[in-house]
Amino acid sequence: MASSSYSRSEHLRSLWPWLPLWTLAALLAIFSHGPMPLYSTRTLAVAWEMWNHHYWLVPHINGTPYSEKVPLLFWLIHAGWFVFGVNDIWPRVLEVIFGGAQLVLVSVLAQRLFPNRPWVAKGAPWILLALGYAFLFGLQIMYEVLLAVWVLAALLCLTPKAHRAEPRWLLFGLCIGAGLLTKGPVMLLHVAFPWLLGPLWNDWARDNRARWYGRGLLSVLLGGALLLAWALPAGFSGGEAYRQRLFFTQTAGRVVDAFDHARPFWWYLPAIPGLLFPFSGWPRAWVALITLRRPLDMGLRFALCWLLPVLLAFSFISGKQWYYPLPEYAGAALLIAGAIAVLRDQRPALATNPWLGTWPLGVAGILFGAFLFALPLLVAHNELHGEWFDTTQRYSRFFSVVFVLLGALLLLRGRGEVRRLAVAGLVGTLALNTLFTLTVWQNFDLRPSAHLLGAADTEHRAIGLLGTYEGQFHFEGRLTHAIERVYEGESLQAFAQQHPDGLVVEHPDKLGAEALRYALLVQPFRSGWVVIWPAASLADLRAGRVPPEPVHPTRVYQVDDWRFRSMQ
């Protein structure tokens, strides 16, 4: 076999342990239930409205230009729809492809950054695939998963190869541009610090500072030019209000005094153990990080130059969500894998010490399995109550066996500790997602409401909504008209007068007796309800009048035992 062919075959063989496993788990999880409100349904609503009204340049939601997002993900969804027709299968397959691409990229990054520690390239993908939050969020049809692909690809362009130390500046700029077209200017925040701090981790950057910064700046400008190539015509096409938000208030509004998701400076710090679970519960990982000493490997310096400044920058930004630093989870996997590799080479006694193994997580898994087994008894004896407990106890004993077995797996000693922990983390996360699907998903499944609204929209009946609309009905209902924002009082009365056959959607926290008598449809949603009213009947009730008796009884969907008792 030729050397190049042998190299390719070896590379493919190195992928199979974790890539097929992760792909199978991701496909099972993402197709176990429908798109999740409000993340996935909002993305699909924008893609559907662009597709239906041929708004190929400017994203739209509910009839208005959508300045919060840029169009690359929507274009990729449209590409599949051109081939397969409009469906929600292709967007979910896309997310699985993006997640698999992250694993491949983090493995290649590890090969470049740790050339003398080949174990890191094997261990980093296992660590990344097992991070529970990253796995679950990767099931959402959202922008951050694709953004993480472009971030990793851009950083890979900066790393040296065996026969080429200088970065691939053109590809670096193209990846930056793709990231900018995926999530906007935040792409620069993810890649800027490894580039700006290049001399701290990259020998070529230290020896060629002028070329490193000069050509890097040109690459950033190239990426910005790709964004402007879309943004300028989109801004003029979308109108003055859209242009103002797109170029000025949207990004600035999240950085300082955020109009959405404002959090305190320290908000990310206490969340780090949960975001990095299960590896945050592995003593050996903590010991490996604590015992690191200078001089550090190039890969460890790279990870620190990436993670620490980005965490600090995100802490200063007013708007915060746990998924905003999703691309950095791959950096955390590199850091943990690199630290473990150093521990194995330099401190073999600590690397094999059984007291630093996965036994705490094993004990926790067995205890959690015991809790799931006892949950039906706890609910029956009124020791625990609440919708999550009352609902999940129907299937909890079946899943208790899974967690006891995973706990036993983590009590094992010997080689393959990282793989055992990764498999346990992945399977445990998949089991929780399955339990959620069997028990709680019915409180997130808006298909009955969306189909009713879709039928009304087809009949050209006006639809109003009390509150803020997040696009949760548009795709599933294939709505072609906008839902009107309605307010209590005169706004509601005027809507009912103008549209006597119209419908009004309400999201009350509690359900009144009138809803079960006069509404068209009632279904649970999250911790509240979705109620769809004839506009005239709701207006009469709000004005103190008695509406006419409905022709058909109210349709009540998917009410579990806990909700049913709360309705009594």
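**Exercise 1. Describe how helix α16 packs against helix α18 in this predicted model.**

Step 1. Start with the geometry. Helix α16 spans residues 283-290 and helix α18 spans residues 328-346. Their axes lie 8 Å apart and meet at an angle of about 80 degrees.

Step 2. Classify the angle. Angles of 65 to 115 degrees count as roughly perpendicular, so α16 is roughly perpendicular to α18.

Step 3. List the residues in contact. Helix α16 contributes R284, A285, V287, A288 and L289. Helix α18 contributes L335, I336, A339, I340 and L343.

Step 4. Sort them by class. The contact of α16 with α18 has 9 nonpolar residues, 1 charged residue and no polar ones.

**Exercise 2. Work out how helix α4 and helix α8 are arranged, and which residues meet.**

Step 1. Take the two descriptors. Two packed helices are described by the angle between their axes and the distance between the axes. For α4 (residues 72-84) and α8 (residues 143-158), the angle is about 100 degrees and the axes are 10 Å apart.

Step 2. Name the arrangement. With that angle, α4 is roughly perpendicular to α8.

Step 3. Find the contact. L72, L73, F74 and L76 of α4 meet Y143, L146 and W150 of α8.

Step 4. Check the classes. This contact of α4 with α8 has 7 nonpolar residues, with no polar and no charged ones.

**Exercise 3. Identify the residues with the most contacts inside the largest nonpolar core, then trace the surroundings of W306.**

Step 1. Size the core. The largest nonpolar core has 139 residues.

Step 2. Pick out its best-connected members. W81, L129, W230, W306 and L334 have the most contacts inside this core.

Step 3. Follow W306. Leaving out residues up to four places away in sequence, W306 touches V151, L152, L155, H190, P194, P327, E328, A330, G331 and L334.

Step 4. Look beyond this core. Another core, of 18 residues, lies apart from it and includes L453, Y469, L479 and F525.

**Exercise 4. Place strand β6 in its sheet and state whether β6 is enclosed or open.**

Step 1. Lay out the sheet. The order of its 6 strands is β4-β3-β5-β7-β6-β8. The sheet is open, and its pairing is mixed. The edge strands, each pairing on one side only, are β4 (484-486) and β8.

Step 2. Pair β6 with β7. Strand β7 (residues 528-534) runs antiparallel to β6, over 5 bridges. Within this pairing, L521 partners I532, and F525 stands opposite G528. The two strands form a hairpin with 2 residues between them. In the turn, R526 has a positive phi of about 55 degrees.

Step 3. Pair β6 with β8. Strand β8 (residues 555-556) runs parallel to β6, joined by 2 bridges. Here L521 stands opposite R555.

Step 4. Test burial. Buried means under 20% relative accessible area. In β6 (residues 521-525), 5 of the 5 residues are buried, so the strand is largely enclosed by the rest of the structure.

Step 5. Split the faces. L521, Q523 and F525 are buried on one side of β6. V522 and P524 are buried on the other.

Notes:
Residues are numbered from 1 along each chain as its sequence is written. This is a predicted model: local features need pLDDT of at least 70, side-chain atom pairs count only at pLDDT 80 or more; totals for chains, interfaces and linings use all residues. Side-chain values use heavy atoms; hydrogens and water are left out. Axes are lines fitted to C-alpha atoms, for helices over the stretch in contact, and angles run from 0 to 180 degrees between N-to-C directions. Helices (H or I, at least four residues) and strands (E, at least two) are DSSP runs, numbered from the N terminus. Angles under 35 degrees count as roughly parallel, over 145 as roughly antiparallel, 65 to 115 as roughly perpendicular and the rest as oblique. Contact means heavy atoms within 4.5 Å. Ala, Val, Leu, Ile, Met, Phe, Trp, Tyr, Cys and Pro count as nonpolar, Asp, Glu, Lys and Arg as charged, and the others, Gly among them, as polar. A nonpolar core is a set of buried Ala, Val, Leu, Ile, Met, Phe, Trp, Tyr and Cys residues joined through side-chain atoms within 4.5 Å. Buried means under 20% relative accessible area, exposed over 50%, partly exposed in between (1.4 Å probe, protein chains only). Two strands pair if DSSP finds at least two bridges between them.
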